[in-house]
Amino acid sequence: LAAAEALAAEGHYAEAARLLLRRSVEDIGTRLPQFLKPSLTARDIAAATALPDAARPAFASIAQVVEVSAFGAQHVTAEAWDQCRTAYARFALPQSWARA
């Protein structure tokens with residue numbers, strides 16, 4: 001998280017958001033090692049019911065910002081970065097991974 005925050009502090013919001021997305025995927029790989037496959041896209045992961053209900057929307061929020069930046073040629077703003085940062089904080093909470 002510190003590396004992403006450092007990038008954002010320098011105004012590199014897109015790179016910071018992509019780093020959070022990569023870290024989120026790494027977290028999923030640690031928590032659900034049988035789930036991740038090389039063919040899955042961030043959109044596939046965001047829609048997967050394998051992710052707990054609390055973690056899924058947080059991941060989707062980060063993935064959407066990165067997708068719009070990468071494929072929609074839109075700049076990631078400070079506001080969008082803050083959205084990613086807040087979403088990652090929710091995503092990383094242990095209670096977001098507790099099954100009901």
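Helices, as the term is used here, are DSSP runs (H or I) of at least four residues, numbered from the N terminus. In the predicted model examined here, Ala16 is found in helix 2, and at 0% relative accessibility this residue counts as buried, because burial requires a value under 20%. Leaving out residues up to four places away in sequence, Ala16 touches Ala4, Leu7, Ala8 and Trp81. The C-alpha atom of Ala16 is separated by 17 Å from that of Gly72, a residue 56 places apart from Ala16 along the chain.

Helix 2, which covers residues 13–31, has 19 residues and reaches 27 Å from its first C-alpha to its last, a span close to the 27 Å expected at 1.5 Å a residue. Besides Ala16, the buried residues of this helix are Ala14, Ala17, Leu19, Leu20, Leu21, Ser24 and Ile28. The buried residues of helix 2 pack against helix 1, helix 3, helix 4 and helix 5. Two charged residues of helix 2, Glu26 and Arg23, meet through their side chains in a salt bridge with an N to O distance of 3.9 Å; they lie three residues apart, about one turn of the helix. Both partners are partly exposed, Glu26 with a relative accessible area of 49% and Arg23 with 29%.

Helix 5 (78–92) was examined in the same way. This helix has 15 residues, and the distance from its first C-alpha to its last is 21 Å, close to the 21 Å expected at 1.5 Å a residue. Within helix 5, Ala80, Trp81, Cys84, Ala87, Tyr88 and Phe91 are buried. Seen down the helix axis, these buried residues fall within an arc of 125 degrees, and they therefore line one face of helix 5. The elements that cover the buried residues of helix 5 include helix 1, helix 2 and helix 4.

The largest nonpolar core contains 30 residues, among which Ile28, Leu51, Phe59 and Phe91 touch the most other members. Helix 1, helix 2, helix 3, helix 4 and helix 5 each supply at least two residues of this core. The surroundings of Phe59 were listed without its neighbours within four places in sequence: this residue is in contact with Leu21, Ser24, Val25, Ile28, Ala42, Ile45, Ala46, Leu51 and Phe91. Of these contacts, Leu21, Ser24 and Ile28 are among the buried residues of helix 2, whereas Phe91 is one of the buried residues of helix 5.

A search of the whole structure finds four salt bridges, including the Glu26 and Arg23 pair described above. In another, the side chains of Arg85 and Glu5 meet with an N to O distance of 2.6 Å. Arg85 lies in helix 5 and Glu5 in helix 1 (residues 2–9), so that this pair ties together parts that are 80 residues apart in sequence. Arg85 counts as partly exposed at 25% relative accessibility, and Glu5 likewise counts as partly exposed, at 35%. A further salt bridge is formed by Arg43 with Glu67, the closest N and O atoms being 2.3 Å apart. This pair also links distant parts of the chain, since Arg43 belongs to helix 3 (residues 42–47) and Glu67 to helix 4 (residues 55–71), 24 residues apart. With a relative accessible area of 55%, Arg43 is exposed, while Glu67, at 29% relative accessibility, counts as partly exposed.

Two serine residues outside helix 2 were also considered. Ser69 is found in helix 4 and, at 15% relative accessibility, counts as buried because this value falls under the 20% limit. When residues up to four places away in sequence are not counted, Ser69 touches Ala14, Arg18, Gln74 and Val76. Ser96, by contrast, is placed in the segment after helix 5, and is buried with a relative accessible area of 6%. The side chain of Ser96 reaches the backbone oxygen of Arg90 at 2.5 Å. Arg90 also appears among the residues that Ser96 touches beyond four places in sequence, together with Pro52, Ala54, Ala55 and Phe91.

Methods:
Residues are numbered from 1 along each chain as its sequence is written. This is a predicted model: local features need pLDDT of at least 70, side-chain atom pairs count only at pLDDT 80 or more; totals for chains, interfaces and linings use all residues. Side-chain values use heavy atoms; hydrogens and water are left out. Buried means under 20% relative accessible area, exposed over 50%, partly exposed in between (1.4 Å probe, protein chains only). A polar contact is a pair of N or O atoms within 3.5 Å; within protein, one must be able to donate a hydrogen and the other to accept it, and residues adjacent in sequence count only if both atoms are side-chain atoms. Contact means heavy atoms within 4.5 Å. The expected span of a helix is 1.5 Å times one less than its number of residues. The arc is that of the directions from the helix axis to the C-beta atoms. A nonpolar core is a set of buried Ala, Val, Leu, Ile, Met, Phe, Trp, Tyr and Cys residues joined through side-chain atoms within 4.5 Å.
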